[in-house]
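User: I am new to this structure and would like to understand the labels used for it. Could you take me through the reasoning behind them?

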Amino acid sequence: MKKPIIIFCLLALGVFSSFSQEIGSVKGVVLQVDTSPVKNVNILIKNTSLSVLTDGSGKFHLSKVPLGNQIVIISFGGFETQNYPVTIKAGETVDLGSIIIYKDFALQDDSGLISLTDDDLTEDGNGGSENTSGILQASRDAFLNVAAFQFGQARFRVRGYDSNNGTVLINGVEMNKSYDGRPQWSNWGGLNDVMRNRDFKEGLSPNQYTFGGLLGTTNFDVRATSYRKGISLSLSSTNTNYSNRLMATYASGINSKGWAYTLSLGRRWATEGHFEGTFYDANSFFVAVEKKINNKHSINLTAFNASNRRGKSSPNTSELFDLKGSKYNTYWGFQGNKKRNSRVKEIEEPVFLLTDFWKIDENTNLNTTLSYQFGKLGNSRIGDFNAPNANPDYYRYLPSYFLDRFGQDQANLATQRFLTDDNFSQVDWDKLYNVNQNHGSSLYYLYEDRTDDRLWSFNSIYSKNIGDNITFNAAFTYKNLVSQNFGLMQDLLGGTGFVDLDDFSTGIESQPDINNPNRVVKEGDRFLYNYNLNQRSYNLFAQLQFIYKKVDFFVSAKTSSVNFWREGKYENGKYIGNSLGKGKDNIFHPTSVKGGITYKITGRHLINLNASYGTRAPNLRNSFANVRVNHNVVPDLATEKITALDASYIYRSPLIKARLSGYYTKMKNITEIGFFFAQGVTLPGITDASNDSFFLSQILTGSDRLYFGGEFGLEAQVTSTVKITAAAAVGQHTYDNNPQLFLSADEFGVTPLGTAYLKNYKLNNGPQKAYSLGLEYRDPHFWFVGLTGNYLTQSYLGISSITRTDSFVINPLTNQPFDGATQSVVDNLLRQEQFHPYYMLNAIAGKSWRIAYLKTVGFFASINNITNTIYKSGGFEQSRNANFARLKEDQDRAKPLFGPRYWYGYGTTFYLNFYYRF
C-alpha cells in the first residue's frame with residue numbers, strides 16, 4: 001500500500017515542480033513625482049486575469065506570471081496608464097524598481113474644481129454654511145468622490161462637519177485661518193492647473209505631514225519639479241458665480257543645471273452671476289522656482305496671489321421669495337444706469353513659501369518651510385447716521401408691514417410698487433447721494449469691515465522609514481499672527497465728510513475714540529473701531545505607522561500651545577480703561593491622540609477601525625464678547641473636547657471599490673457668538689418692559705454636539721467602458737446638551753440669561769441624508785458621458801437660541817409666563833423647520849484628442865440640476881422677537897414681519913471648458 005502512495009507523491013511533486021518552473025513573478029514600487037509612495041495602484045498583466053494592488057509603501061509583488069513576453073500595466077485613477085514590456089523566465093522575479101506615475105491631464109476634467117475655487121463664496125458673510133467639497137476633491141474613495149462632486153453643490157457636509165475640521169496644507173504649511181479655523185479657498189482660486197498635485201488622507205487616517213482633522217488632510221504639492229514639462233491653456237464658461245475663466249500655465253521641467261520653474265495665470269469674471277447684481281472680478285498669479293543642489297538637496301520658492309472682488313447676495317424671507325423669486329438680491333441698486341452692489345467682498349492675501357527639501361538618506365527626509373502671508377479681506381455695507389434705513393428689505397418697506405398696519409389696499413399698492421419700481425425693491429443710490437448733498441455731511445456712507453493679516457509660519461516635517469515595516473513622522477510648526485481689524489470709509493456718497501459718532505449713544509459714550517473726539521472722517525480713513533488680534537502658537541506632532549502583510553496600524557499624537565490677545569487702538573467712550581492697549585493673554589495647551597488599525601482579511605477584504613480624542617483651543621472669532629469695542633473675553637472660555645470613532649468594511653479589486661462605514665463623534669464645550677438687534681429681551685432682575693430693545697452679542701457656552709451615522713460608496717467597472725457609482729449618507733447631527741447663554745450689550749455688559757434648551761435640535765449643516773446613483777461611459781477613444789441622480793433630504797433651519805430660554809416665556813411685569821404660553825403652544829411655535837427634500841439630476845461629457853506626442857486638445861462639459869429644482873440650501877430663524885408675546889404676535893400675522901431668512905441653491909447651471917496642453 002505504501003508503494004503506490006510514494007509513487008503518487010513523487011508524480012505530484014514532479015508535476016508541481018514542472019508547473020512552478022513555467023511561471024515567474026514581477027515586483028516594484030510605485031511613486032509620485034515627489035517620491036511619496038502610492039497605495040492601491042492596480043498592477044495587471046495584459047490579456048490575463050492576474051492583478052494586484054500596491055500596499056501602503058507603494059510596493060507590489062505579482063506572482064504566477066506566465067513565461068515569455070508579457071505587458072505589465074500600471075493603472076491608477078487620474079494618472080497616466082503605463083505599460084512595461086517584460087520577459088518572464090521560469091522561477092525568476094523581474095524587478096521593475098521605482099515606477100514614477102504622472103497626473104493625466106488629458107483625461108482630467110474640471111468638474112469639481114469650480115467648487116474648489118469658490119468653496120468659500122457663501123452668502124452669509126462668515127462662511128457658516130459653506131460646503132466642504134474642496135477638501136475632498138483629491139480623494140479616490142468612492143463615497144467621498146460623490147460627496148465632493150455631486151452632494152457638494154447642495155452644501156452637503158461629510159458627517160455633518162464644518163470645514164474647520166479639515167486641515168489644508170500647501171507644501172506642508174497649514175492654510176486654515178486662526179480667526180475661524182477654516183481654509184480660505186479664495187487664496188488660491190483660479191489656479192486649478194497648479195493645484196492638481198494633491199495628497200488627501202481621509203478622516204482619522206494617518207498622514208506624514210500633520211495630525212490632521214476629523215475631515216482629513218489635504219496637502220498641495222507646489223514645488224516646481226512636481227509639474228510635468230509643458231504648457232496648458234484653457235477657456236471656461238459657466239453661469240454660477242462667474243461667467244468666464246482663462247488660465248495659462250507653463251512648467252519648464254528640470255534642466256541640466258538643476259533648475260525648474262512653473263508659471264500660471266488665471267482670470268475669472270462676470271458682469272452678473274447667477275444671483276441678481278452679483279458681479280465677479282478675480283485675477284490669479286503663481287510662480288515656483290526650484291534649484292536641485294544635488295541628489296539629496298533642493299530649495300524651492302513658491303509665491304502666489306489670487307485677488308478676488310465680488311458682489312454678494314442676500315438671504316431672503318419667504319415673502320421676498322414669493323415676490324421676486326430665488327435670484328432676488330436686496331444688496332444692489334441702480335446708480336444711473338449701472339447696477340451697483342452695496343455688499344462687496346474683496347480678498348487679496350498673497351503667500352510666499354521658501355522650502356528646503358533634504359533627503360538625508362534613502363530612508364530619511366526633512367522638509368522645512370518658512371512662509372509669509374499678508375493682505376486684506378474686506379466686506380462692505382451701507383452705514384447711516386440718524387437717517388431712515390437704506391436697505392430695501394427693511395420690514396417697514398415690505399407689503400407685509402402695510403397689510404398689518406394699513407390694510408389690504410395699501411398692501412396691494414406696496415406689492416405693485418415692489419414689483420415694478422427698482423428704486424423701491426433695490427438700493428436707491430441716487431436718493432442716498434441726494435440726501436447727503438442736501439445735508440452736507442454724510443448721513444449715508446459706504447464702509448468696509450476690514451481685516452489685514454500678517455502671518456509668519458515656520459514648519460519642519462521629518463519622515464523616516466525604520467526597516468521595511470515601520471515609518472516615523474514628526475513635525476514642528478510655529479505661527480505668529482498680527483491681524484489688524486478696523487472700519488474703513490470707502491465712499492461718502494456725495495457728502496463732505498462723516499463725524500465719527502455712535503448715533504445710539506450721547507455724550508462721551510458716543511465717541512468710538514475719546515482721544516480723537518468728533519473726528520471728521522474722509523474716504524480712506526479708519527473709523528468706528530480699530531484693534532489688532534495677536535496670536536502666537538506652536539505645534540508638535542509625532543506618529544508611528546506599522547505596515548505588515550495582514551495588519552496595518554498607527555498611533556499619532558500632537559501637543560500645542562496657543563496664546564492670543566486683543567490690542568485696542570481706540571479708547572471707546574463706553575469702555576474707558578477696557579478698550580485701549582493690550583488685553584489679557586489667553587493661553588491654552590490643547591493635546592490630541594489618535595490611532596487606527598486595518599486588518600486585511602484578504603487582499604480585497606479589509607476591516608478598518610480608528611479612534612481619536614483631543615482638545616482644541618477656541619478660535620479668535622468665538623473668544624471675545626464684543627471684540628470691536630472692548631477686551632472682554634466670553635465667560636468660561638475653555639478648550640473644546642472632541643471624541644471620534646469610525647469603523648469601515650472596505651472591498652477593493654480591479655473592478656469594484658466599495659466602503660461601508662459607521663461613525664460617532666462627540667464635540668463638547670463649544671462656544672458660539674452671534675450679533676443681532678432684538679426686541680422683548682427679558683433680563684434677570686429687570687422689570688422695565690419699556691426698555692427691552694438692544695443690539696446684542698449672544699454668547700452660547702459649553703455647547704455639545706453629537707454626530708453619528710453611516711456612509712456607503714461603490715464604484716463598479718461593469719465593463720471596460722461602463723462604470724456605475726452609488727453612494728449613501730445617513731446621519732443624525734444634533735445639539736447634545738442644554739448650554740448656557742449670555743447676552744452682552746453696551747447698556748448692561750455681559751449678563752447670564754440662563755440655560756438654552758437646545759438638546760436634540762438638529763444642526764443646520766446641510767442635508768443629513770443623501771443618496772446618489774450614477775452611470776458613466778468612458779470610451780477607449782478618449783470621450784466620456786455620465787448621468788447621475790441625487791436625492792437629498794433632512795436639511796434644517798438654523799434655530800435661535802435666545803427664544804429657547806426660560807426668559808422667552810416670562811413676562812417681566814408679572815414674573816409669570818405670558819398668557820397663552822402653554823407648553824404645547826410654545827413647542828409648536830419653536831418647532832424646527834425641516835426643508836423639503838429634493839432631487840437633482842446632473843450630466844457630464846468630454847472628449848480629448850492627442851494630436852501629437854504630449855499634445856492634447858479637448859473639452860469638458862457639465863449640466864447640474866437639469867430639472868431646475870429650486871431648493872433651500874440654508875437659512876436661520878431671526879431673533880428679532882425675543883419673547884413669546886412678540887414672536888406669537890408676529891407668527892399669527894398673515895405674513896410675518898420677521899420670518900426666517902433662507903439661502904437658495906442654484907437652478908440649472910452649466911460648465912464648459914476647452915483646453916490645449918502641449
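User: Why is Lys569 called partly exposed?

Analyst: Happy to help! Lys569 has a relative accessible area of 38%. Buried means under 20% and exposed means over 50%, so a value in between is called partly exposed. Please keep in mind that this is a predicted model.

User: What makes the pair of Glu567 and Lys569 a salt bridge?

Analyst: Their side chains meet at 3.2 Å, N to O. The cut-off is 4 Å between a side-chain nitrogen of Lys or Arg and a carboxyl oxygen of Asp or Glu, so this pair qualifies. Glu567 is also partly exposed, because its relative accessibility is 25%. In strand E28 (residues 581-582), the bridge partner of Glu567 is Lys582.

User: How do you know that E27 and E28 pair?

Analyst: Two strands pair if at least two bridges are found between them. E27 and E28 have two, in the antiparallel sense, so they meet that requirement. E27 also pairs in the antiparallel sense with strand E29 (residues 586-588) over three bridges, and with strand E30 (residues 591-600) over nine. Asn563 has Ile587 as its bridge partner in E29, while Phe553 stands opposite Ile597 in E30.

User: What joins E26 to E27?

Analyst: A hairpin does, through three residues. The two strands run antiparallel and are joined by 17 bridges. One example is Tyr538, whose bridge partner in E27 is Ser561.

User: What makes Leu540 eligible for the nonpolar patch?

Analyst: Leu540, in strand E26, has a relative accessible area of 40%. A patch residue needs over 30%, so Leu540 passes that cut-off. Other members of the patch include Ile293, Trp456, Phe476 and Tyr538. The patch has about 960 Å² of accessible area together, and E26 is one of the strands giving two or more residues to it.

User: Why is Ser483 called buried?

Analyst: Ser483 has a relative accessible area of 6%, and buried means under 20%, so the label fits. Ser483 sits in strand E23. Leaving aside neighbours within four places in sequence, its contacts include Thr451, Asp453, Tyr531 and Leu533.

User: Where in the chain are Arg659 and Asp141, which meet in a salt bridge?

Analyst: Arg659 is in strand E33, and Asp141 is in the loop between helix H3 (133-136) and helix H4 (142-149). They are 518 residues apart, so the pair links distant parts of the chain. Their N to O distance is 2.8 Å, which is within 4 Å, so the salt-bridge label holds. Both residues are buried, and both belong to a network of salt bridges with Arg159, Glu202, Asp646 and Glu711.

User: How do you know that Asp404 and Arg405 form a salt bridge?

Analyst: Their closest N and O atoms are 3.6 Å apart, which is within the 4 Å cut-off, so they count as one. Asp404 is partly exposed at 35% relative accessible area, and Arg405 is partly exposed at 49%. A search of the whole structure finds 42 salt bridges.

User: Which residues have the most contacts inside the largest nonpolar core?

Analyst: They are Phe143, Phe151, Phe156, Val681, Leu696 and Leu743, in a core of 53 residues. Strand E33 (residues 656-679) gives the largest share, five residues. Nonpolar side chains tend to be buried together in soluble globular proteins.

Notes:
Residues are numbered from 1 along each chain as its sequence is written. This is a predicted model: local features need pLDDT of at least 70, side-chain atom pairs count only at pLDDT 80 or more; totals for chains, interfaces and linings use all residues. Side-chain values use heavy atoms; hydrogens and water are left out. Patches are made of residues with over 30% relative accessible area and no salt bridge: like charges are joined within 9 Å, nonpolar side chains (Val, Leu, Ile, Met, Phe, Trp, Tyr) within 5 Å. Accessible areas come from the Shrake-Rupley method with a 1.4 Å probe; for residues, only the protein chains shown count as cover. Helices (H or I, at least four residues) and strands (E, at least two) are DSSP runs, numbered from the N terminus. Buried means under 20% relative accessible area, exposed over 50%, partly exposed in between (1.4 Å probe, protein chains only). A nonpolar core is a set of buried Ala, Val, Leu, Ile, Met, Phe, Trp, Tyr and Cys residues joined through side-chain atoms within 4.5 Å. Contact means heavy atoms within 4.5 Å.
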